Amino acid sequence: MKVYDTGRDLIELGVIPLEDMISEAAVVKAMWAMANARDNIEAAKIMERNIANEISLKSPINRRLLYYGKD
Amino acid sequence: MIGLEIHQQLASQNKLFCNCSNKGADQSTLIFNRKLRPVHSELGGYDPAAIFEATKTKSIRYHSHPSTSCLVEADEEPPHSVDKESLETALILALALHSNVVDEIHVMRKIVIDGSNTTGFQRTMLISTGGYLEMEGNQKVGVQSICLEEDAARLLSDDNIARDYSLDRLGTPLVEVALEPISGTPQEMLQVAVTLGRLLRASKRVERGIGTIRQDINVSVNGGSVVEIKGIQQLDQLIKVIEFETTRQLGMIQIAAELTKRRTAYTSEFTVKDATDILRRSPSKGVARILETENTQIMAIRAEGFDGILGYEPYDGVRLGRQLAEIVRFYGLGGIFHSDELPNYGITESEVTAVKERLNIGSGRDAFILIGGDRDRVQFAADAIIQRLNKVTQGVVPETRAATLDGKTIFIRPRPGSSRMYPETDVLPIKIDDLILDSLRGSVPKSFDSYIKDIMQKYHLNRKLALEIFDSDRLKLFEDTVKSTKVQPTFIASKLTEDLTSLRRKGLNPDRLSDKSIKMAFQLLDGGDIAKESIPLILETMLTKDINEVKEAIQILGLKQVSECELNEIIDKVIADNMVLIRQKGRDSLGTLMGRTMSLLRGRVDGKKVNSILENKLKQSLS
């Protein structure tokens, strides 16, 4: 979300960018983060950090090749 | 004056703007095509070199592998934020060089038109300015600037139809340290380069090995402009390159003086005429080769007042004709012919006369140049030659040259214009405050000297060995091996330095031995499975027989430990075979007998053990 102005404005408002995490995972993770963090600030940091592949660290150029091993 | 600029690859987990690694992929799994077109930069204006590159309209093929590239390398996804680890390394190096870090780091785009960046630009950011490098004897060399930038894609091949790049290297973080120009001997410059390299390596945050550090130098002589020389990969090239380039520049100044001497009136009239018909049936093989391809022509350029100047050689190998030939290669032509060297190369006297007539060259002091090739390129090349000839009286022309492996320099492109850099708008600026810098001060490397003293103390090495192991690419392996085995550090260090060097002298390439396999050899030694003497043999066999497993080499050499019984048998035989020598020399024959025994055992036993048994048996047989 940091690439364009609109995204940066959202971040300034306090929106936490979760990249490609799906909403189901986000809900559960938020519950866990808030229960285990000292405060909301730390909880926000936990949300943004990839723990169990809920956030993709990179986008492969050819997903089909990656998943099925061939085109 | 020489300004040294080094580009050092950083040892980070990720690339600078994405989470790919730059290691581990051999074969690409995907190839995609692109074409590059130049556009006005966001600040307006074209880059002249870009215009020519665009007319080549080559297709560019990028080779990618999922572990080393993602959509960011393919320019299909915006860059991620600057890699934290790389940024910290750059800041640590800036602090180590006493440089002033900027308050806010802005990432910029530097236009690149040869396809080595899929985006058409290289992302770079200024980290700090000023500072100094401490040399031995309290001397200081000033630092101009330190930048953090991404490396370009790796060129795989280039023919006239397409250019192939591999994306594995694209995006790898590099730190560029530019030093202030200083005047010094080539040897002094080498010392500066060595000292800087050592400081970087002392940080333990940079990559080591061939190709991870690249030197560029900016060379100027008194009365000349600055020429940029790129791509000095190995430090032993540095001295040769400096000497060659300094001589070349002095030669250009001499040529300029010679030309000025003879031309009282200076006109920039250079006539260009087509000469294809004159040379169509020339016996010259070079000309025939050009003309047998379709759509080619030969152009003749009249260079007023240049008779004798094109071939004038003030120093060995330094000629204007040669400089012009290098320039036309940029435009894809093979070279030039010029009147100072003709008739020759198959071009006849009558052809020379015909060209002179065509160009209206009388008995004056005019020369001519012949160039040939593809019709579209020849015009560009002719313009470039005329431009260059107009600058001869300047002496040294600012340009970018490349260093060759044998220590010479060749022209690669004219010095680019300044409209090449503009802000990278996809990455936010990074504020740097004292809090951040203070947290990194603990990681700033101490001086190289105290680092060496630490190594000497910790591992009980003498200074020479400590320096050698530090400078080698195997320092990490050395420390690992000391930690995980009980083998003496001095022994390990000497195997990793002296022995590997002697393998190189034998014409083998010890870089092909992986850290893992060398460590395995030491572990086997530690466990008593092999003897000390066998280590160099094992390493050599792995290289000559091209195998990767230490155990395989041991099998091939038959290097099992010798049993006590077999050892005694062998020694008895040696003594029996050499009775004549023993009767002659008595105790003094021990040395020769040791040599013969060891060569039979070929590294399967510890020398000390053999020596004591042999000495005893020798004593027995003499008594």
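Start where the two chains meet: across the interface of chain B and chain A, there are zero salt bridges. Keep in mind that this is a predicted model, and that everything below is computed from it.

**Where B meets A**

What does the side of chain B that touches chain A consist of, by class? It has 10 nonpolar residues, nine polar ones and just two charged ones. In terms of contacts, 21 residues of chain B touch 11 residues of chain A. Asn19(B), Leu30(B) and Leu428(B) are the chain B residues that lose the most area to chain A, and together they make up 32% of what that side buries.

The size of an interface is often given as the accessible area lost when the parts come together. Here the two chains bury about 1,300 Å² between them, with 63% of that on carbon and sulfur atoms. Polar contacts do turn up: seven residue pairs, both partners at pLDDT 80 or more, are in polar contact between chain B and chain A.

**Chain B as a whole**

Chain B has 623 residues, and 50% of them count as buried. Its C-alpha trace spans about 100 × 70 × 50 Å along the principal axes. You can pick out 21 helices and 22 strands in this chain. Now take the contacts in chain B between residues at least 6 apart in sequence: 74% of them join residues at least 24 apart.

**Salt bridges**

Side chains of opposite charge can pair when their charged atoms come close. Over all chains, the count comes to 43 salt bridges. Three of the pairs in chain B are set out here.

| Pair | N to O distance | Relative accessible area |
|---|---|---|
| Glu88(B) and Arg205(B) | 3.8 Å | Glu88(B): 24% |
| Glu313(B) and Arg319(B) | 3.3 Å | Glu313(B): 34%; Arg319(B): 27% |
| Lys453(B) and Asp449(B) | 3.3 Å | Lys453(B): 48%; Asp449(B): 33% |

Which parts of chain B does the salt bridge between Glu88(B) and Arg205(B) tie together? Glu88(B) sits in helix α2 (residues 84–96), while Arg205(B) is in the loop between α3 (186–202) and β13 (213–219), so the pair links parts that are 117 residues apart in sequence. Glu88(B) counts as partly exposed.

Lys453(B) and Asp449(B) are a more local affair: both lie in helix α11 (residues 448–459), four residues apart, or about one turn of the helix. Lys453(B) is partly exposed, and so is Asp449(B). Glu313(B) and Arg319(B) also fall in the partly exposed class.

Salt bridges can also join up into a network, as they do for Arg109(B), Arg123(B), Glu150(B), Glu424(B) and Asp426(B).

**Cysteines**

A disulfide is a covalent bond between the sulfur atoms of two cysteines. How many does the structure hold over all chains? Zero. Take Cys70(B), whose nearest cysteine sulfur belongs to Cys20(B), 3.6 Å away. That pair doesn't count as a disulfide because the cut-off asks for sulfur atoms within 2.5 Å.

Is Cys70(B) buried or exposed? It counts as buried, because its relative accessibility is 0% and the limit for buried is under 20%. Cys147(B) also counts as buried, at 11% relative accessibility.

Definitions and conventions:
Residues are numbered from 1 along each chain as its sequence is written. Chains are lettered from A and ligands numbered from 1 in the order in which they are written. Side-chain values use heavy atoms; hydrogens and water are left out. Buried means under 20% relative accessible area, exposed over 50%, partly exposed in between (1.4 Å probe, protein chains only). Contact means heavy atoms within 4.5 Å. Buried area is the accessible area (1.4 Å probe) that two parts lose on being put together, summed over both. A salt bridge is a side-chain nitrogen of Lys or Arg within 4 Å of a carboxyl oxygen of Asp or Glu. A polar contact is a pair of N or O atoms within 3.5 Å; within protein, one must be able to donate a hydrogen and the other to accept it, and residues adjacent in sequence count only if both atoms are side-chain atoms. Ala, Val, Leu, Ile, Met, Phe, Trp, Tyr, Cys and Pro count as nonpolar, Asp, Glu, Lys and Arg as charged, and the others, Gly among them, as polar. Helices (H or I, at least four residues) and strands (E, at least two) are DSSP runs, numbered from the N terminus.
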